[in-house]
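Could you walk me through this structure in the viewer, one selection at a time? I would like to know what to click on next and what is there.

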Amino acid sequence: MKRKGILVVVSGFSGAGKGTLMKQLVRTYDTYALSVSMTTRAPRPGETDGREYFFVSQEVFEQKIRENGLVEYACYCGNYYGTPREYVERQLLAGKDVILEIEIQGARKVKEMFPSALLLFVTPPGIKELHRRLAGRGTETEAVIRERLGRAQAEAEGIETYDYLVVNDDLQACVEQMHRLIQDAHCAPKRNQEFIEMLRTQLTELCAHADGQGQVSH
Ligand code: ADP
Ligand code: 5GP
(Lines give C-alpha, C1' and ligand atoms only; values in the text may rest on other atoms or scores of the structure.)
(Ligands and ions follow the chains in the order given, each with its own letter.)
Protein backbone atom coordinates (compact mmCIF):
# COMPACT_ATOMS: atom_id res chain seq x y z
CA MET A 1 0.00 0.00 0.00
CA LYS A 2 1.45 3.35 -1.04
CA ARG A 3 1.77 5.60 1.98
CA LYS A 4 -0.09 8.88 1.60
CA GLY A 5 1.27 12.11 2.97
CA ILE A 6 -0.69 14.04 5.56
CA LEU A 7 -1.03 17.76 6.05
CA VAL A 8 0.42 18.94 9.34
CA VAL A 9 -0.40 22.41 10.60
CA VAL A 10 1.97 23.88 13.17
CA SER A 11 0.92 27.07 14.95
CA GLY A 12 2.03 28.85 18.08
CA PHE A 13 2.75 32.24 19.57
CA SER A 14 5.34 34.33 17.80
CA GLY A 15 8.68 33.44 19.41
CA ALA A 16 7.56 29.99 20.62
CA GLY A 17 10.24 28.41 18.41
CA LYS A 18 8.18 27.10 15.47
CA GLY A 19 10.66 28.10 12.79
CA THR A 20 13.61 26.66 14.72
CA LEU A 21 11.74 23.40 15.41
CA MET A 22 10.60 22.91 11.82
CA LYS A 23 14.07 23.49 10.40
CA GLN A 24 15.42 20.86 12.80
CA LEU A 25 12.59 18.41 12.00
CA VAL A 26 13.14 18.50 8.23
CA ARG A 27 16.92 18.33 8.74
CA THR A 28 16.53 15.17 10.87
CA TYR A 29 13.88 13.26 8.87
CA ASP A 30 13.43 13.08 5.11
CA THR A 31 9.70 12.23 5.12
CA TYR A 32 8.74 15.86 5.60
CA ALA A 33 8.26 18.70 3.15
CA LEU A 34 8.16 22.17 4.68
CA SER A 35 5.89 24.54 2.79
CA VAL A 36 7.41 27.98 2.16
CA SER A 37 4.77 30.66 2.56
CA MET A 38 4.34 33.87 0.66
CA THR A 39 4.30 37.11 2.66
CA THR A 40 4.20 40.86 2.24
CA ARG A 41 6.28 41.45 5.40
CA ALA A 42 9.86 42.62 5.01
CA PRO A 43 12.64 40.02 5.37
CA ARG A 44 14.43 39.92 8.75
CA PRO A 45 18.22 40.03 8.74
CA GLY A 46 19.42 36.56 7.74
CA GLU A 47 16.21 35.58 5.95
CA THR A 48 16.50 34.60 2.28
CA ASP A 49 13.81 34.89 -0.38
CA GLY A 50 12.52 31.39 -1.22
CA ARG A 51 13.93 29.83 1.97
CA GLU A 52 12.03 31.31 4.95
CA TYR A 53 9.39 32.98 2.74
CA PHE A 54 8.68 34.21 -0.74
CA PHE A 55 8.78 37.94 -0.03
CA VAL A 56 6.40 39.75 -2.39
CA SER A 57 4.56 43.04 -2.78
CA GLN A 58 0.90 43.42 -1.89
CA GLU A 59 0.03 43.55 -5.63
CA VAL A 60 1.74 40.21 -6.32
CA PHE A 61 0.08 38.65 -3.25
CA GLU A 62 -3.38 39.82 -4.29
CA GLN A 63 -2.81 38.52 -7.82
CA LYS A 64 -1.95 35.11 -6.33
CA ILE A 65 -5.23 35.17 -4.37
CA ARG A 66 -7.19 35.96 -7.55
CA GLU A 67 -5.50 33.07 -9.39
CA ASN A 68 -6.59 30.67 -6.59
CA GLY A 69 -2.90 29.97 -6.12
CA LEU A 70 -3.08 29.82 -2.31
CA VAL A 71 -4.44 26.99 -0.15
CA GLU A 72 -5.21 29.60 2.53
CA TYR A 73 -4.10 33.07 3.52
CA ALA A 74 -4.53 35.47 6.41
CA CYS A 75 -3.59 38.91 7.60
CA TYR A 76 -1.30 38.96 10.65
CA CYS A 77 -0.10 42.17 12.33
CA GLY A 78 -0.65 44.20 9.14
CA ASN A 79 0.83 41.79 6.59
CA TYR A 80 -0.50 39.06 4.32
CA TYR A 81 0.74 35.48 4.72
CA GLY A 82 -0.38 32.56 2.52
CA THR A 83 0.39 28.97 1.53
CA PRO A 84 1.18 28.37 -2.17
CA ARG A 85 -1.06 25.58 -3.46
CA GLU A 86 1.11 23.92 -6.10
CA TYR A 87 3.93 22.78 -3.78
CA VAL A 88 1.54 21.36 -1.19
CA GLU A 89 -0.42 19.29 -3.71
CA ARG A 90 2.73 17.97 -5.42
CA GLN A 91 4.40 16.90 -2.16
CA LEU A 92 1.28 15.20 -0.78
CA LEU A 93 1.00 13.19 -4.01
CA ALA A 94 4.66 12.21 -3.63
CA GLY A 95 3.82 10.75 -0.19
CA LYS A 96 5.49 13.45 1.91
CA ASP A 97 3.99 14.78 5.12
CA VAL A 98 3.61 18.47 4.35
CA ILE A 99 4.16 20.95 7.15
CA LEU A 100 2.39 24.30 7.16
CA GLU A 101 3.74 26.66 9.78
CA ILE A 102 0.81 29.07 9.88
CA GLU A 103 -1.28 31.12 12.31
CA ILE A 104 -4.66 30.19 13.72
CA GLN A 105 -7.03 31.69 11.09
CA GLY A 106 -5.18 29.75 8.40
CA ALA A 107 -5.20 26.62 10.58
CA ARG A 108 -8.99 26.81 10.84
CA LYS A 109 -9.37 27.15 7.06
CA VAL A 110 -7.09 24.16 6.46
CA LYS A 111 -9.09 22.07 8.94
CA GLU A 112 -12.32 22.94 7.08
CA MET A 113 -10.88 22.06 3.68
CA PHE A 114 -8.83 19.03 4.80
CA PRO A 115 -10.59 17.41 7.79
CA SER A 116 -7.82 14.82 8.10
CA ALA A 117 -5.11 17.45 8.61
CA LEU A 118 -3.21 17.14 11.92
CA LEU A 119 -3.09 20.37 13.95
CA LEU A 120 -0.27 20.96 16.44
CA PHE A 121 0.08 23.98 18.70
CA VAL A 122 3.56 24.83 20.01
CA THR A 123 4.03 26.79 23.22
CA PRO A 124 7.05 27.81 25.25
CA PRO A 125 7.20 26.50 28.85
CA GLY A 126 5.88 29.88 30.09
CA ILE A 127 5.17 33.43 28.99
CA LYS A 128 8.29 34.94 30.63
CA GLU A 129 10.33 32.59 28.47
CA LEU A 130 8.26 33.61 25.41
CA HIS A 131 9.14 37.25 26.00
CA ARG A 132 12.78 36.32 26.57
CA ARG A 133 12.88 34.39 23.26
CA LEU A 134 11.10 37.13 21.30
CA ALA A 135 13.38 39.83 22.67
CA GLY A 136 16.44 37.57 22.40
CA ARG A 137 15.78 36.96 18.70
CA GLY A 138 16.55 40.65 18.27
CA THR A 139 14.62 41.00 15.02
CA GLU A 140 11.65 43.08 16.16
CA THR A 141 11.27 46.42 17.91
CA GLU A 142 9.69 46.52 21.38
CA ALA A 143 6.50 47.93 19.76
CA VAL A 144 6.27 44.99 17.34
CA ILE A 145 6.96 42.56 20.20
CA ARG A 146 4.08 44.10 22.14
CA GLU A 147 1.79 43.78 19.11
CA ARG A 148 2.76 40.11 18.73
CA LEU A 149 2.15 39.42 22.43
CA GLY A 150 -1.30 40.99 22.02
CA ARG A 151 -1.92 38.66 19.11
CA ALA A 152 -0.73 35.73 21.27
CA GLN A 153 -3.44 36.59 23.78
CA ALA A 154 -6.10 36.16 21.08
CA GLU A 155 -4.45 32.98 19.78
CA ALA A 156 -4.40 31.47 23.28
CA GLU A 157 -8.20 31.48 23.19
CA GLY A 158 -8.17 29.12 20.18
CA ILE A 159 -5.75 26.46 21.41
CA GLU A 160 -8.53 23.89 21.85
CA THR A 161 -9.00 23.93 18.03
CA TYR A 162 -5.80 21.88 17.81
CA ASP A 163 -5.28 18.13 18.11
CA TYR A 164 -2.16 18.36 20.31
CA LEU A 165 -0.31 20.86 22.43
CA VAL A 166 3.49 20.60 22.24
CA VAL A 167 5.68 22.36 24.80
CA ASN A 168 8.98 23.52 23.31
CA ASP A 169 11.31 23.40 26.31
CA ASP A 170 14.21 21.21 25.21
CA LEU A 171 14.42 21.72 21.42
CA GLN A 172 15.55 18.22 20.42
CA ALA A 173 13.04 16.50 22.74
CA CYS A 174 10.31 18.62 21.18
CA VAL A 175 11.39 17.67 17.64
CA GLU A 176 11.22 13.98 18.59
CA GLN A 177 7.80 14.40 20.17
CA MET A 178 6.42 16.14 17.07
CA HIS A 179 7.86 13.41 14.85
CA ARG A 180 6.17 10.72 17.00
CA LEU A 181 2.82 12.51 16.98
CA ILE A 182 2.88 12.87 13.20
CA GLN A 183 3.91 9.25 12.63
CA ASP A 184 1.24 7.98 15.04
CA ALA A 185 -1.37 10.12 13.26
CA HIS A 186 -0.82 7.96 10.15
CA CYS A 187 -2.51 5.08 12.04
CA ALA A 188 -5.81 6.89 12.64
CA PRO A 189 -8.73 5.18 10.82
CA LYS A 190 -9.81 8.52 9.30
CA ARG A 191 -6.44 8.71 7.51
CA ASN A 192 -6.72 5.14 6.18
CA GLN A 193 -10.21 5.15 4.72
CA GLU A 194 -9.18 3.61 1.38
CA PHE A 195 -7.38 0.72 3.09
CA ILE A 196 -10.38 0.09 5.36
CA GLU A 197 -12.72 0.04 2.33
CA MET A 198 -10.40 -2.43 0.59
CA LEU A 199 -10.52 -4.77 3.62
CA ARG A 200 -14.32 -4.55 3.68
CA THR A 201 -14.62 -5.32 -0.04
CA GLN A 202 -12.28 -8.30 0.26
CA LEU A 203 -14.22 -9.62 3.27
CA THR A 204 -17.51 -9.32 1.38
CA GLU A 205 -16.02 -11.18 -1.59
CA LEU A 206 -14.54 -13.94 0.57
CA CYS A 207 -17.76 -14.48 2.53
CA ALA A 208 -19.85 -14.58 -0.66
CA HIS A 209 -17.44 -17.14 -2.13
CA ALA A 210 -17.49 -19.28 1.03
CA ASP A 211 -21.33 -19.20 1.15
CA GLY A 212 -21.47 -20.21 -2.52
CA GLN A 213 -19.36 -23.28 -1.73
CA GLY A 214 -21.72 -24.31 1.06
CA GLN A 215 -19.19 -23.71 3.76
CA VAL A 216 -20.34 -22.71 7.20
CA SER A 217 -20.10 -18.94 7.63
CA HIS A 218 -19.40 -17.65 11.11
P1 ADP B 1 8.80 31.42 15.94
O2 ADP B 1 9.12 30.85 14.58
O3 ADP B 1 7.81 30.59 16.69
O4 ADP B 1 8.42 32.87 15.92
P5 ADP B 1 11.69 31.16 16.38
O6 ADP B 1 11.94 29.78 15.84
O7 ADP B 1 12.14 32.32 15.59
O8 ADP B 1 10.16 31.32 16.81
O9 ADP B 1 12.37 31.18 17.84
C10 ADP B 1 12.37 32.37 18.63
C11 ADP B 1 13.69 32.42 19.41
O12 ADP B 1 13.68 31.41 20.40
C13 ADP B 1 14.92 32.19 18.54
O14 ADP B 1 15.94 33.08 18.94
C15 ADP B 1 15.28 30.74 18.81
O16 ADP B 1 16.66 30.51 18.67
C17 ADP B 1 14.84 30.57 20.27
N18 ADP B 1 14.41 29.19 20.61
C19 ADP B 1 13.65 28.35 19.87
N20 ADP B 1 13.45 27.18 20.53
C21 ADP B 1 14.10 27.29 21.70
C22 ADP B 1 14.26 26.39 22.83
N23 ADP B 1 13.72 25.17 22.87
N24 ADP B 1 15.00 26.83 23.88
C25 ADP B 1 15.55 28.08 23.86
N26 ADP B 1 15.43 28.97 22.84
C27 ADP B 1 14.70 28.58 21.77
P1 5GP C 1 6.51 35.72 11.18
O2 5GP C 1 6.33 37.13 10.70
O3 5GP C 1 6.92 35.66 12.64
O4 5GP C 1 7.42 34.92 10.29
O5 5GP C 1 5.09 35.01 11.08
C6 5GP C 1 3.97 35.59 11.69
C7 5GP C 1 2.85 34.59 11.78
O8 5GP C 1 2.39 34.24 10.47
C9 5GP C 1 3.26 33.27 12.44
O10 5GP C 1 2.23 32.89 13.36
C11 5GP C 1 3.33 32.29 11.30
O12 5GP C 1 3.02 30.96 11.70
C13 5GP C 1 2.23 32.83 10.40
N14 5GP C 1 2.34 32.40 9.00
C15 5GP C 1 3.44 32.17 8.27
N16 5GP C 1 3.13 31.76 7.04
C17 5GP C 1 1.78 31.70 6.98
C18 5GP C 1 0.83 31.32 5.96
O19 5GP C 1 1.18 30.93 4.85
N20 5GP C 1 -0.47 31.41 6.28
C21 5GP C 1 -0.92 31.83 7.50
N22 5GP C 1 -2.23 31.85 7.70
N23 5GP C 1 -0.07 32.19 8.47
C24 5GP C 1 1.26 32.12 8.22
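## First stop: ligand 2

Start by selecting ligand 2 and the residues around it: 16 residues surround this ligand, and the closest are R41, Y53, Y81, E103 and R148. Keep in mind as you go that this is a predicted model.

Now show side chains and look for polar pairs. R148 places a polar side-chain atom 2.6 Å from an oxygen atom of ligand 2. Select R44 next, where a polar side-chain atom is 2.8 Å from an oxygen atom of the ligand. Then try E101, with a polar side-chain atom 3.2 Å from an oxygen atom of ligand 2. How much of the ligand's surface does the protein bury? Taken alone, ligand 2 exposes 510 Å², and the protein buries 96% of that.

If you have a pocket display, switch it on here: the space that ligand 2 takes is the largest pocket. Colour by secondary structure as well, and pick out β5 and β6 (79-84), the elements that give two or more residues to the shell around ligand 2.

## Second stop: A74 in β5

Stay with β5 and select residues 70-76, the range of this strand, then click on A74 within it. Is A74 buried or exposed? Its relative accessibility is 5%, and because buried means under 20%, A74 counts as buried.

Next, display what A74 touches. Leaving out residues up to four places away in sequence, its contacts are N79, Y80, Y81, E103 and Q105. Two of these may look familiar, since Y81 and E103 are also among the closest residues to ligand 2. For a distance to set up in the viewer, pick the C-alpha atoms of A74 and F55: they are separated by 15 Å, while the two residues are 19 apart along the chain.

## Third stop: ligand 1

Move on to ligand 1 and select its surroundings. Of the 13 residues around this ligand, G15, K18, T20, R137 and D169 come nearest.

Three polar pairs are worth a click here. For T20, a polar side-chain atom lies 2.5 Å from an oxygen atom of ligand 1. For G15 the partner is in the backbone, where a polar atom is 2.8 Å from an oxygen atom of the ligand. R133 brings in a nitrogen atom of ligand 1, which lies 3.3 Å from a polar side-chain atom of this residue. On its own, ligand 1 exposes 570 Å², of which the protein buries 73%.

Which elements give two or more residues to the shell around ligand 1? Select α1 (18-28) and α5 (127-137) to see them. Of the elements, α1 gives the most to this shell, with 3 residues.

## Last stop: the whole chain

Finally, zoom out and show the cartoon. The chain has 8 helices and 9 strands. Its C-alpha trace spans about 80 × 40 × 30 Å along the principal axes.

Colour by burial next: 41% of the 218 residues count as buried. With a surface on display, you are looking at an accessible area of about 12300 Å² for the chain, 55% of it belonging to carbon and sulfur atoms. If you also draw a contact map, consider the contacts with a separation of 6 or more: residues 24 or more positions apart account for 69% of them.

Technical notes
Residues are numbered from 1 along each chain as its sequence is written. Chains are lettered from A and ligands numbered from 1 in the order in which they are written. This is a predicted model: local features need pLDDT of at least 70, side-chain atom pairs count only at pLDDT 80 or more; totals for chains, interfaces and linings use all residues. Side-chain values use heavy atoms; hydrogens and water are left out. Helices (H or I, at least four residues) and strands (E, at least two) are DSSP runs, numbered from the N terminus. Buried means under 20% relative accessible area, exposed over 50%, partly exposed in between (1.4 Å probe, protein chains only). Contact means heavy atoms within 4.5 Å. A residue is near a molecule or strand if one of its heavy atoms lies within 4 Å of it. A polar contact is a pair of N or O atoms within 3.5 Å; within protein, one must be able to donate a hydrogen and the other to accept it, and residues adjacent in sequence count only if both atoms are side-chain atoms. Accessible areas come from the Shrake-Rupley method with a 1.4 Å probe; for residues, only the protein chains shown count as cover. On a 1 Å grid over the protein atoms alone, a cavity is a set of points where a 1.4 Å probe fits but cannot get out, and a pocket is an open set with protein on both sides within 12 Å along at least five of seven lines; lining residues have an atom within 4 Å of a point. A molecule sits in a cavity or pocket if more than half of its atoms lie within 2 Å of its grid points.
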